[in-house]
Amino acid sequence: MQDKIFERFEALYPDMVEFRRDLHMYPELSFHEVDTPKKVATFLKALGLEVQTEVGERGIVATLHGGKPGKTVALRADFDALPIHEENEVPYRSKVDGVMHACGHDVHTSGLLHVAKVLSEFRKELTGNVVFIHQFAEELVPGGPNSWWRTAAWKGSMQYSGPMSIPRSRSVGSATAPVRRWRTGTISKSPSMVPAGTPECRT
């Protein structure tokens, strides 16, 4: 099944790029995300997943139930942009003056959505469940998570307000980081938290 999954990712790569570029052209700042969560929810609902909207205010959570009983894994991405004017001369350049996806959240979002799409195609073969968490306002402190945690209790398991609960789960986030010790194409993991940071600063 693993080989088939990777084959589907390869086939869907152009779609992933197209969706990412659409997000890139229409970025939204933290706590001002209106159209982005709508796009995310529409995509996930089309896959037949259980979708919760306005989680914590603007977040989206979708659940994929596998065909076999097992544990639950949560995968997370963020979708807010930064107050930066884009100077790149590309066809998909930001159409919002003074706002752009300079931190890769458009990549995170499109990538996670297409992970949901591929895994949903193999749901009968999957063991356990997968929860897809799309977070708003990641760029601000405390930002979106502050209101998010008020709707979720993290005590060894994730319990969201409403009908969804995620017992004995693992949570995986996403980040794009040009860290020198990682070669292109490398996926890194940590048993605990990984703080954000930049490897270099140029003035």
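# Chatting through a predicted chain

Tutor: Read along the sequence, this chain follows the pattern α-α-β-β-β-α-β-α-β-β-β-β. Keep in mind that the model is predicted.

Student: Okay, how many helices and strands does that come to?

Tutor: The secondary structure comes to four helices and eight strands.

Student: And how much of the chain counts as buried?

Tutor: Of the 203 residues, 41% count as buried. Here is another figure for the whole chain: among contacts with a separation of 6 or more, 69% are between residues 24 or more positions apart.

Student: Let's go to the strands. How do β1 and β2 pair?

Tutor: They pair in the antiparallel sense, over four bridges. Strand β1 covers residues 50-55 and strand β2 covers residues 59-65.

Student: Which residue is the bridge partner of V51?

Tutor: That is A62, in β2. Next to that pair, Q52 stands opposite V61 of β2.

Student: What sits between the two strands?

Tutor: The hairpin has three residues between the strands, and G56 takes a positive phi near 75 degrees there.

Student: Which way does β2 run relative to β4, parallel or antiparallel?

Tutor: Antiparallel, with six bridges joining β2 to β4. As an example, T63 stands opposite V131 in β4.

Student: So β2 pairs with β1 and also with β4. Why is β2 described as largely enclosed?

Tutor: Six of the seven residues of β2 are buried, so this strand is largely enclosed by the rest of the structure.

Student: Where do the side chains of a strand point, in general?

Tutor: In a regular strand they alternate between the two faces of the sheet.

Student: New topic: the core. How many residues are in the largest nonpolar one?

Tutor: It has 24 residues, and those with the most contacts inside it are L44, L49, L64, L119 and F132. The elements giving two or more residues to this core are α1 (2-25), α2 (35-46), β2, β3 (68-78), α3 (105-121) and β4 (127-135).

Student: Which element gives the largest share?

Tutor: Helix α3 does, with five residues.

Student: Can we zoom in on F132? What does F132 touch?

Tutor: Leaving out residues up to four places away in sequence, F132 touches L49, I60, V61, A62, L64, L75, L112, V115, A116 and L119. Apart from the largest core there is another core, of five residues, and among them are V61, A74, V131 and I133.

Student: Back to α3 for a second. Is V118 buried or exposed?

Tutor: V118, which is found in helix α3, is buried, with a relative accessible area of 0%. If you skip residues up to four places away in sequence, V118 touches I5, R8, F9 and L12.

Student: How far apart are V118 and E7?

Tutor: They are 111 residues apart along the chain, and their C-alpha atoms are separated by 9.7 Å.

Student: What about L29, where is that?

Tutor: L29 is in the loop between α1 and α2. This residue is partly exposed, with a relative accessible area of 28%.

Student: And which residues does L29 touch?

Tutor: Not counting residues up to four places away in sequence, L29 touches D80, A81, L82, P83 and V99. L29 and D80 are 51 residues apart in sequence, yet 5.4 Å apart in space, C-alpha to C-alpha.

Student: Now pockets. What volume does the second largest pocket have?

Tutor: About 170 Å³. Its lining is made of E33, V34, P37, K38, A41, T53, E54, E57, R58 and I60.

Student: Which element gives the most to that lining?

Tutor: Helix α2 does, with three residues. The elements giving two or more residues to the lining are α2 and β1.

Student: Last thing: where is confidence lowest, and where is it highest?

Tutor: Confidence is lowest in strand β7 (residues 165-166), at a mean of 40, and highest in α2, at 98. Over residues 153-171 the pLDDT is below 50, and that stretch has 41 contacts in the model beyond near neighbours in sequence. The pLDDT is also below 50 over residues 198-203, a stretch with three contacts beyond near neighbours in sequence.

Student: And what is the mean pLDDT of the chain?

Tutor: The mean is 81, and 71% of the residues reach 70 or more. Where pLDDT is low, the predicted coordinates should not be read in detail.

Methods. Residues are numbered from 1 along each chain as its sequence is written. This is a predicted model: local features need pLDDT of at least 70, side-chain atom pairs count only at pLDDT 80 or more; totals for chains, interfaces and linings use all residues. Side-chain values use heavy atoms; hydrogens and water are left out. Two strands pair if DSSP finds at least two bridges between them. A nonpolar core is a set of buried Ala, Val, Leu, Ile, Met, Phe, Trp, Tyr and Cys residues joined through side-chain atoms within 4.5 Å. Buried means under 20% relative accessible area, exposed over 50%, partly exposed in between (1.4 Å probe, protein chains only). Contact means heavy atoms within 4.5 Å. pLDDT is the predictor's confidence in each residue, from 0 to 100. On a 1 Å grid over the protein atoms alone, a cavity is a set of points where a 1.4 Å probe fits but cannot get out, and a pocket is an open set with protein on both sides within 12 Å along at least five of seven lines; lining residues have an atom within 4 Å of a point. Grid points are joined across faces, edges and corners, and a volume is the space filled by probe spheres set on the points.
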